[in-house]
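Please walk me through this structure as I have it open in my viewer, telling me what to select at each stop and what I should find there.

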Amino acid sequence: MLYIQALGVAIHTENESVALASDILILAVKPDVVATVLQELSHVLQKRQTLVFSVAAGITIAAMERSSPNVRYIRVMPNTPALIPGYGATVFCPNSQCSPEDARLAEKMFTCLGFCAQIPENLMDAVTGLSGSGPAYIFTIIEALSDGGVKMGLPRDLSTKLAAQTVLGAAKMVTASGQHPGVLRDNVASPGGTTIHGLHALEQGGLRNALINAVEAATKRSAEMGKK
């Protein structure tokens with residue numbers, strides 16, 4: 001706390017005092033308390049014409065507008081790699097109260113964290129299921145690859161580093177080359193080689209189907225949360 005104050009950041013202990021001192025407010029609370037917070041601050045947000053960013057998963061713009069109408073809302077879905085500048089994936093959707101300048105501000109803010117795009121709100125649940133929840137899927141894959149290396153005799157530390165760097169490097173090849181992942185995969189898999197045998201094992205284990213199902217399940221859950 002003292003370190004933050006030393007940087008010149010004002011610290012408040014009450015929601016209303018934060019809102020009164022802010023032209024832009026980032027709503028980063030649990031989804032089940034968003035309505036309560038917005039109702040508490042409604043008079044301040046409307047009076048100050050505050051621009052409100054919400055990163056609460058599953059909470060729609062319509063739900064926020066019911067809690068506090070006539071406010072400029074931008075719904076945002078970042079992901080945890082945004083903790084490392086340049087590696088995050090963020091999408092946002094402004095409501096009808098927002099101006100083009102508000103959208104440009106959002107893009108400028110979140111591009112600092114990595115990839116950023118404006119999308120229609122009907123795609124937000126799918127983004128939540130893919131890039132919002134996706135880091136957890138990739139952590140599981142890295143852990144499994146590391147376990148495979150350990151099973152085959154590699155030290156744990158080396159195995160985890162190799163697994164993580166392999167995922168990082170493969171992702172960079174996709175973003176830098178612009179090639180379809182399937183093309184890049186085929187470039188690695190020579191006829192009768194080790195990689196095609198490994199890929200066959202992945203298909204037998206249902207990895208592709210499991211990942212597709214994971215995105216679908218998380219998307220549906222996000223949609224369910226938005227209906228509560």
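Which residue of β2 does I26 stand opposite? Keep in mind that this is a predicted model, and then select I26 together with F53, since F53 in β2 is the residue that stands opposite I26. Widen the selection to the two strands, and you will have β1 and β2 (residues 51–54), which pair in the parallel sense over four bridges.

Next, select the whole sheet, which is open and is formed by five strands in the order β1-β2-β3-β4-β5, with mixed pairing. At its edges stand β1 (24–27) and β5 (114–118), and each has a single partner strand, so one side of each is left without a neighbour in the sheet. If you look along the sheet from one strand to the next, the twist averages 20°.

Now add the helices that meet these strands. Select residues 100–111 to show helix α5, which lies across β1, β2, β3, β4 and β5 and runs at about 160° to β5. Then select residues 124–132, which make up helix α6; this helix packs on the sheet, where it touches β3 and β4, and its direction makes about 35° with that of β3.

For the last stop, turn to the loop between β3 (72–77) and β4 (88–94), and select L83, which lies in that loop. Is L83 buried or exposed? L83 counts as exposed, because its relative accessibility is 74%, and the cut-off for exposed is over 50%. Finally, add I84, Y87 and L168 to the selection, and you will see the residues that, with L83, make a nonpolar surface patch of about 470 Å².

Technical notes:
Residues numbered from 1 in each chain as written. Predicted model: local features only at pLDDT ≥ 70, side-chain atom pairs only at ≥ 80, totals over all residues. Heavy atoms only, no water. Patch = residues over 30% accessible without salt bridge, like charges linked within 9 Å, V, L, I, M, F, W, Y side chains within 5 Å. Areas by Shrake-Rupley, 256 points an atom, 1.4 Å probe, with all protein chains shown as cover. Salt bridge = Lys/Arg side-chain N within 4 Å of Asp/Glu carboxyl O. Buried < 20%, exposed > 50% of the residue type's maximum accessible area, 1.4 Å probe, protein only. Pairing = 2+ DSSP bridges. Axes fitted to C-alpha atoms, helices over the stretch in contact; angles between N-to-C directions. Contact = heavy atoms within 4.5 Å.
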